[in-house]
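Me: I am new to this structure. Please take one helix and look at it closely, then show me what else stands out.

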Amino acid sequence: MTLKQLQVFLAVARFQNLTQAAEALFLTKGAVSQALQELERHLGVRLFDRVHPHLRLNHEGARLWPLADEMLQRAEAIERTFQAGGACFLSIGASKTIGNYLLPQLMHDFEKDHGWLPKAQIANTNRLLELVEGYVLDVVLLEGEQHRTDMVAEEWLKDEMAVVACKGHALADGKAHAPEELAGQRWILREPDSGTRAFFAHTLGSLIAPYTVALSLSSTEAVLGMVEHGLGITFASRLMAELPGFSSRFSIIRLTQTFSRTFSLCWHESKYHSAGMDTFIRFCRAWSPLSR
């Protein structure tokens, strides 16, 4: 059994397609197919069910996945130990609110303390969980809840949500309004797979239903642009209110009740914890944007 065979196995497991796996590995489709057959022959089991044009990971393949991932992580750790600086390798993800408003400072502070940077990817909560399940990302920072039984999640930071409107909005008068007073407003919200959208639906949205969603957008910046031009109001993290120029472009509609949520650290329960992964998790547990 070789590391190349395990790399091929992981790529096929992620893409469930020989052609896409070959493209990701810069190999021919024939080379990928041969390496996979050699691995299955060596182990004496089939790792995939062939359902043309896809290869579906079966029970034996699911058993191998975390073990193969760990083996390759350890091999990379050996290589990096003897390379310049011995820097660790880590792939992290952050949902969009965290990625836009907390991740830059967190990455700056982490590099200052440890002398290296993990690779980072920003996406919505659902996409990040898919990448964790596929062992593409090691650790993710989420603003949304996750209910997958194969994930480990621990509370990280607290966040408060606010209703954001354009300057001069009739309800942005400094008074505290009951949520029911928002009935009839048009909403500009994040896409359905985002943590922010899910939190809105389960909290404020349930108090004012039925409500009208004028636009669903995958970019927080795009949502704010629409709100600034008076196309609707939105539900967003108060972290945005700390940005330069926010008060000159937007107003916050005060409500009689608060809506708080918890950001979380999340990883796959079968994920091998490399030294870099443990270092990053420990750092996040102790880190606060207010302590720097």
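Reply: Helix α4 bends by about 30° at Trp65. A proline, Pro66, follows within four residues. Keep in mind that this is a predicted model.

Does the length of α4 fit a helix, and what should it span? Helix α4 runs over residues 59-81, which makes 23 residues. At 1.5 Å a residue, these should span 33 Å. The C-alpha atoms at the ends of α4 are 34 Å apart, so the two values agree.

Now the buried side of the story. The buried residues of α4 are Gly61, Leu64, Trp65, Pro66, Ala68, Asp69, Leu72, Gln73 and Ala75. Trp65, where the helix bends, is thus listed with Pro66 among the buried residues. The partners come from several elements: the buried residues of α4 pack against α1 (3-15), α3 (29-43), β2 (54-57) and α7 (125-133).

Next, the cavity. A search of the whole structure finds one cavity of 30 Å³ or more. The largest cavity has a volume of about 90 Å³. Three elements each supply at least two residues of its lining: α5 (96-101), α10 (220-228) and β9 (234-237). The largest share, four residues, comes from β9. The lining includes Thr234, Phe235, Ala236 and Ser237. Thr97, Tyr101, Thr220, Val223 and Leu224 also line the cavity, as do Arg190, Thr196 and Met240. By type, the lining divides into six nonpolar residues, five polar and one charged.

Terms used
Residues numbered from 1 in each chain as written. Predicted model: local features only at pLDDT ≥ 70, side-chain atom pairs only at ≥ 80, totals over all residues. Heavy atoms only, no water. 1 Å grid on protein atoms, 1.4 Å probe; cavity = no way out; pocket = protein on both sides within 12 Å on 5 of 7 lines; lining within 4 Å. Points joined across faces, edges and corners; volume = space filled by probe spheres on them. Nonpolar A, V, L, I, M, F, W, Y, C, P; charged D, E, K, R; others polar. Expected span 1.5 Å × (residues − 1). Bend = angle between axes of the 7 residues up to and from the residue. Buried < 20%, exposed > 50% of the residue type's maximum accessible area, 1.4 Å probe, protein only. Contact = heavy atoms within 4.5 Å.
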